[in-house]
Amino acid sequence: MEYRIQQIQPFFDDQETRNLEKAIKTGWVTEGPFAQEFLSLLKEFTGARYAVLANNGTLGLYLALLSVGVKDGDEVIVPDFTFNASASSIAFTGAEPVFTDINKNDLQIDTSRIERLITSHTKAIMPVHIYGQSCDMDPIVELARKYKIRIVEDAAQGFGVFYKGRHTGTIGDVGVISFFADKTITTGEGAVILTNDEAIYNKLKMLRNQGRPNSGTFIHPELGMNFRMTDLQCAVGVAQFKKFEQIREIKSRNFNRYRDTLSGIPGLEFVHVNDFTNFIPFRVNVRVPDVEGLIEHLERNAIQTRRMFYPLHRQPCFSFLNYDDAEFPASIDAYNRGISFPVHCRLNDNDIDYLCTQVKAFYNK
Ligand SMILES: Cc1ncc(COP(=O)(O)O)c(C=O)c1O
């Protein structure tokens, strides 16, 4: 199907091409000058004391979990409503993901439910900052201190998102931001892992680069693997980073146009945004009546659509954990009624008006 409106489109222009050409001409294709520049920009922007790159957000989360010692037999508490990688990265360490429900209004982890899930096996909590805003970190930090457990933040969607002035991914022990194609800034695949803890940083450096602190030696004090990025990706990352303000502005303008046009449709609800966070639109996430009918209608009119996340406790790959639907009313409701409209920088006003007209036509029929 040829879509008139696609769900995601990167915002590339000459700046990415120029940086790529420079990387190729200088001959640096593995981590080199652009990787160093990208890391410095990211550290300065997020305020993290330490940062390492990883080849994507999923493996970044896996590394982050390993760096705080999560292992076979441990439990890690994670929201039921997130991309599958939050939980699969936990499962690949040998630990068990323990699912918890979200708030109905903002779709972030429901912090009031976490404490009752903490056991003697709980090693970490993984809050996930979802859909362009932060979750409420203070109660999570308090619990982590009380029970001496770690916080591994999944800030895959959180680039540019600050909680009470602190960048997501820098509030817990360690955090991960993804640069996948649909993220606020993208390198195609890629991620950064942030921490303020020197011991975690040293562990991350070893794990990501063949068990040695730096390249250029064949002596490997520890076991590690290869989670590096390339300078070609970082060349794109540097160009994207420098366009962040422009990206934020365009996405916010797009989001506001949707909100102004769609408000008033009976039963259509936008996700609540909290005062403790800024908001960088990731998609236009709304809950609607008859989500399946609407998707069918939009697809028929050449608009690519996405439902919201499928609850993790229902995922076939986690069925062995035997959860009961009754524990996850908000996550199930988000899936049953949730739809995401595109908000990317390649949309123009006509595209948004066309999509909104189609939504209105569906509900007026
Ligand atoms: C919440 C969340 N966690 C983890 C990931 C995994 O990141 P990546 O696609 O870079 O592996 C993503 C996105 O793709 C995500 O949205």
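Which ligand atom lies 3.0 Å from a polar side-chain atom of Gln157? It is an oxygen atom of the ligand. The views below come from a predicted model.

**View 1. Polar side chains meet ligand oxygen.** Gln157 places a polar side-chain atom 3.0 Å from an oxygen atom of the ligand. Ser178 does so at 2.8 Å, again with a polar side-chain atom and an oxygen atom of the ligand. For Lys183, an N or O atom of the side chain is 2.9 Å from a ligand oxygen atom. With a cut-off of 3.5 Å between N or O atoms, these pairs therefore count as polar contacts. The ligand on its own has 380 Å² of accessible area, and the protein covers 93% of it.

**View 2. The shell around the ligand.** The ligand is surrounded by 15 residues. Gly57, Thr58, Asp154, Ser178 and Lys183 come nearest. Ser178 also has the polar side-chain atom 2.8 Å from a ligand oxygen atom. Lys183 has the side-chain N or O atom at 2.9 Å. Sorted by class, the shell holds six nonpolar, seven polar and two charged residues.

**View 3. Helices at the ligand site.** The ligand takes up the space of the largest pocket. Two helices, H3 (57-67) and H4 (84-92), each supply at least two residues of the shell. H3 gives the most, with three residues. Gly57 and Thr58, both among the nearest residues, fall within the 57-67 span of H3.

**View 4. An open antiparallel sheet.** Four strands line up in the order E10-E11-E13-E12. The sheet is open, and its pairing is antiparallel. Strands E10 (269-270) and E12 (306-307) are the edges, and each pairs on one side only. Strands of a sheet pair through backbone hydrogen bonds.

**View 5. Where E10 meets E11.** Strand E11 covers residues 284-287. E10 and E11 pair in the antiparallel sense over two bridges. Which residue stands opposite Arg287 of E11? Glu269 does. Glu269 lies in E10, the edge strand that spans 269-270.

Note on methods. Residues are numbered from 1 along each chain as its sequence is written. This is a predicted model: local features need pLDDT of at least 70, side-chain atom pairs count only at pLDDT 80 or more; totals for chains, interfaces and linings use all residues. Side-chain values use heavy atoms; hydrogens and water are left out. A residue is near a molecule or strand if one of its heavy atoms lies within 4 Å of it. A polar contact is a pair of N or O atoms within 3.5 Å; within protein, one must be able to donate a hydrogen and the other to accept it, and residues adjacent in sequence count only if both atoms are side-chain atoms. Accessible areas come from the Shrake-Rupley method with a 1.4 Å probe; for residues, only the protein chains shown count as cover. On a 1 Å grid over the protein atoms alone, a cavity is a set of points where a 1.4 Å probe fits but cannot get out, and a pocket is an open set with protein on both sides within 12 Å along at least five of seven lines; lining residues have an atom within 4 Å of a point. A molecule sits in a cavity or pocket if more than half of its atoms lie within 2 Å of its grid points. Ala, Val, Leu, Ile, Met, Phe, Trp, Tyr, Cys and Pro count as nonpolar, Asp, Glu, Lys and Arg as charged, and the others, Gly among them, as polar. Two strands pair if DSSP finds at least two bridges between them.
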